[in-house]
Amino acid sequence: MIVKVINRSAFELPKYESEFAAGLDVRANTDGPITLKPLERAMVPTGLFVEIPEGYEIQVRPRSGLAAKYGLTVLNSPGTIDADYRGEIKVILANISSEEFVLNPGERIAQLVLARHERAEWLETEQLTDTARGAGGFGHTGRS
């Protein structure tokens with residue numbers, strides 16, 4: 001799938017870091033280091049502008065290594081970039097650890113996943129089809 005991109009960053013385009021990776025690693029395009037204190041968040045620019053084909057979105061997801069090692073995550077995960085958005089891609093990073101994190105320019109901060117989606121068409125009704133699960137949710141099947 002071809003996605004048009006303008007790269008106004010000082011870094012290479014996002015790329016897949018392994019043969020079967022689903023996400024492209026995107027980098028911070030900052031003038032200098034950003035320090036995120038515990039529970040602090042920041043909108044981190046990437047310098048990237050995209051033209052996503054109709055019927056697709058780009059999902060912005062955390063990088064597992066940053067989350068596991070440093071408590072850094074994408075706050076609205078997964079974030080959605082719609083096909084009609086033409087502004088700069090920015091990543092909402094949050095530090096949910098108890099220690100400061102210094103984010104350096106060019107550091108890989110998130111993954112971008114191109115995903116096909118459908119548009120829903122609502123059909124109002126007074127009744128839904130019964131299922132064995134019914135309205136059970138939020139852990140209703142137990143812990144194990």
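Here is a short chat about the sheet, a ring contact and the largest pocket in this predicted model.

Colleague: In what order do the four strands of the open sheet run?

Modeller: The pairing in this sheet is antiparallel. From one strand to the next, the twist averages 40 degrees. Reading across the four strands, the order is β1-β5-β9-β7.

Colleague: Which strands leave one side without a neighbour in the sheet, and why?

Modeller: Look for strands at the edges, each with a single partner strand. One side of such a strand has no neighbour in the sheet because a single partner covers just the other side. That description fits β1 (4-7) and β7 (72-74).

Colleague: Which residue in β9 stands opposite Thr73?

Modeller: Strand β9 covers residues 88-95, and β7 pairs with β9 in the antiparallel sense over three bridges. Opposite Thr73, the residue in β9 is Ala94.

Colleague: How far is Arg8 from the ring centre of Phe49?

Modeller: For a charge to count as over a ring, CZ of Arg has to be within 6 Å of the ring centre and within 35 degrees of the ring normal. Arg8 does lie over the face of Phe49, and the distance to the ring centre is 4.9 Å.

Colleague: What class of residue lines the largest pocket: nonpolar, polar or charged?

Modeller: The pocket holds about 300 Å³ of space, and β5 (41-51) and β11 (108-116) each supply at least two residues of its lining. Of the 13 lining residues, those closest to the centre are Val3, Val5, Pro14, Leu24 and Ile58. With no polar and no charged residues in the lining, the class of all 13 is nonpolar.

Terms used
Residues are numbered from 1 along each chain as its sequence is written. This is a predicted model: local features need pLDDT of at least 70, side-chain atom pairs count only at pLDDT 80 or more; totals for chains, interfaces and linings use all residues. Side-chain values use heavy atoms; hydrogens and water are left out. Two strands pair if DSSP finds at least two bridges between them. Axes are lines fitted to C-alpha atoms, for helices over the stretch in contact, and angles run from 0 to 180 degrees between N-to-C directions. On a 1 Å grid over the protein atoms alone, a cavity is a set of points where a 1.4 Å probe fits but cannot get out, and a pocket is an open set with protein on both sides within 12 Å along at least five of seven lines; lining residues have an atom within 4 Å of a point. Grid points are joined across faces, edges and corners, and a volume is the space filled by probe spheres set on the points. Ala, Val, Leu, Ile, Met, Phe, Trp, Tyr, Cys and Pro count as nonpolar, Asp, Glu, Lys and Arg as charged, and the others, Gly among them, as polar.
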